[in-house]
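User: I'd like a close look at one part of this protein, please. Keep it friendly, since I'm new to this.

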Amino acid sequence: MQETTRKNQEFMLETQRVQLERQIHMQNEMREKMMSMQVARSRELLYWFGSFYIVAALGMITGFRRTKKPGTLVPLLPLSFILAYQADMAYGSKLNRIKLEAENILVFERDLVSLPMGVPTPATIDEARERQEETKRLNKRFAL
């Protein structure tokens with residue numbers, strides 16, 4: 001009898017371990033899919049902004065040729081920075097630098113990402129739920 005119980009417990013532990021591993025892999029796969037969507041979004045935004053930049057630059061250069069006022073070219077400076085940022089995000093190493101900075105924050109500045117009052121526990125969740133139910137009950141009494 002004890003041998004059967006022990007084997008059953010071992011089987012349950014192994015099943016839980018496999019289920020946890022599957023959940024971890026699934027979450028990682030979902031994270032990778034979300035990241036790939038963000039990269040694709042950045043690339044699409046770059047195409048649109050690049051087209052706008054070319055049209056705007058041609059318009060500003062044409063305006064400069066007609067008026068000979070250098071002020072017509074001033075908007076090219078901030079637009080160039082924005083275009084360079086988008087290009088770096090879409091095709092450069094910007095995401096790698098962001099990932100490295102995120103790793104540094106997790107290692108050296110953990111307090112920046114910690115939750116206020118710590119990680120919720122089942123006990124704190126139950127307490128909050130009970131407080132919410134009590135508040136609902138009290139509000140119903142006052143509403144009548």
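Which residues does Gln-86 touch, not counting residues up to four places away in sequence?

Analyst: Gln-86 touches Ser-42, Leu-45 and Leu-46, leaving aside residues up to four places away in sequence; contact here means heavy atoms within 4.5 Å. A quick word on the model: it's predicted, so local features need pLDDT of at least 70 and side-chain atom pairs count only at pLDDT 80 or more, while totals for chains, interfaces and linings use all residues. Residues are numbered from 1 along each chain as its sequence is written, and side-chain values use heavy atoms, with hydrogens and water left out.

Now, where does Gln-86 sit? You'll find Gln-86 in helix 2 (helices are DSSP runs of H or I, at least four residues, numbered from the N terminus). Gln-86 counts as buried because its relative accessibility is 13%; buried means under 20% relative accessible area, exposed over 50%, partly exposed in between, with a 1.4 Å probe and protein chains only.

Gln-86 has company: the buried residues of helix 2 are Leu-76, Leu-79, Gln-86, Met-89 and Ala-90. Looking down the helix axis, these buried residues fall within an arc of 155°, so they line one face of helix 2 (the arc is taken from the directions from the helix axis to the C-beta atoms). They pack against helix 1 (2-67) and helix 3 (94-108). Over on the other side of helix 2, Leu-77 and Phe-81 are exposed.

How sure is the predictor? Helix 2 has the highest mean pLDDT among the elements, 94, where pLDDT is the predictor's confidence in each residue, from 0 to 100.

Key: Helices (H or I, at least four residues) and strands (E, at least two) are DSSP runs, numbered from the N terminus.
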